[in-house]
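Hi everyone, thanks for making time this morning. I'd like to walk you through one small model and then stop for discussion. Let me put it on the screen.

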Amino acid sequence: MHNTNTKKNILCFGTSDFINSFDELKEYLNFNLTFTQDLNLGILEQNTDILLIESLVLKNEKILKKLKAINIPKLLFAEA
């Protein structure tokens, strides 16, 4: 039987503190996690299944417009 990689590719987008927190957890997660602080289409087209977004970045109107135009499932992490 073939062993295929079924892990989702998740791109984490947020501030450096947000990214550092997820980087510390990365080895314990059951998905492929990459990080960016610059939202550009080149990064998103690299086999991204889900975009993980920190809510603080939504305060920037330009970023919000870009996110609305992206046709990738998004998961928002809001401040508690």
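Let me begin with Ala-69, which is found in helix 3. Before I say more, please keep in mind that this is a predicted model. Is Ala-69 buried or exposed? Ala-69 has a relative accessible area of 68%, so it counts as exposed. If you pick its C-alpha and that of Leu-11, you'll find them 16 Å apart in space, with the two positions 58 residues apart in sequence. Hold on to Leu-11, please, as we'll come back to that residue.

Now let's zoom out. The protein has three helices and four strands, and from the N terminus on they run β-α-β-α-β-α-β. Along its principal axes, the C-alpha trace spans about 50 × 25 × 20 Å. There are 80 residues in the protein, and 30% of them are buried. For those of you who like contact maps: take the contacts between residues at least 6 apart in sequence, and 51% of these join residues at least 24 apart.

On to the sheet. In what order do the four strands lie in the sheet? The order is 2-1-3-4, in an open sheet with parallel pairing. Strand 2 and strand 4 stand at the edges with a single partner strand each, so each has one side without a neighbour in the sheet. From one strand to the next, the twist averages 25°. Helix 1, residues 16-25, packs on this sheet and touches strand 1, strand 2, strand 3 and strand 4. The direction of helix 1 makes about 160° with that of strand 2.

Let me take the strand pairs in turn. Strand 1 and strand 2 run parallel and are joined by five bridges. One thing to click on here is Leu-11, whose bridge partner in strand 2 is Thr-34. The chain gets from strand 1 to strand 2 through helix 1, and this β-α-β crossover is right-handed.

At the other end of the sheet order, strand 3, residues 50-54, pairs with strand 4, residues 74-77, in the parallel sense over four bridges. Within that pairing, Leu-51 stands opposite Lys-74, and Ile-53 stands opposite Leu-76. Helix 3, residues 61-69, is the helix of a right-handed β-α-β unit with strand 3 and strand 4.

As a piece of background, nonpolar side chains tend to be buried together in soluble globular proteins. So let's look at the cores.

Which residues make up the largest nonpolar core? There are 11 residues in all: Leu-11, Phe-13, Leu-39, Leu-44, Leu-51, Ile-53, Val-57, Ile-63, Leu-67, Ile-70 and Ile-72. Strand 1, strand 3 and helix 3 each supply at least two residues of this core. Apart from it lies another core, of seven residues, including Ile-10, Cys-12, Ile-19 and Leu-52.

As promised, here is Leu-11 again, a member of the largest core. Not counting residues up to four places away in sequence, Leu-11 touches Thr-34, Phe-35, Thr-36, Ile-43, Leu-44, Thr-48, Ile-50, Leu-51 and Leu-52.

Two of those partners deserve a visit of their own. The first stop is Leu-44, which lies in helix 2, residues 41-44. Why does Leu-44 count as buried? Its relative accessibility is 5%, and the cut-off for buried is under 20%, so Leu-44 falls in that class. Setting aside neighbours within four places in sequence, Leu-44 is in contact with Leu-11, Leu-39, Leu-51, Ile-70 and Ile-72. Ile-70 is 26 residues from Leu-44 along the chain, and their C-alpha atoms are separated by 8.7 Å.

The other stop is Thr-36, found in strand 2, residues 32-36. Thr-36 also counts as buried, because its relative accessibility is 8%. What lies 2.8 Å from a polar atom of the Thr-36 side chain? That is the backbone oxygen of Asp-38. Beyond its neighbours within four places in sequence, Thr-36 is in contact with Leu-11, Cys-12, Phe-13, Gly-14, Ile-19 and Ile-43. Among these, Leu-11 and Phe-13 are in the largest core, while Cys-12 and Ile-19 are in the other one.

That's my tour. I'm happy to rotate the model to whatever you'd like to see.

Technical notes. Residues numbered from 1 in each chain as written. Predicted model: local features only at pLDDT ≥ 70, side-chain atom pairs only at ≥ 80, totals over all residues. Heavy atoms only, no water. Pairing = 2+ DSSP bridges. Right-handed = clockwise from strand over helix to strand, strands pointing away. Buried < 20%, exposed > 50% of the residue type's maximum accessible area, 1.4 Å probe, protein only. Polar contact = N/O pair within 3.5 Å; in protein donor to acceptor, adjacent residues only side chain to side chain. Contact = heavy atoms within 4.5 Å. Axes fitted to C-alpha atoms, helices over the stretch in contact; angles between N-to-C directions. Core = buried A, V, L, I, M, F, W, Y, C linked by side-chain atoms within 4.5 Å.
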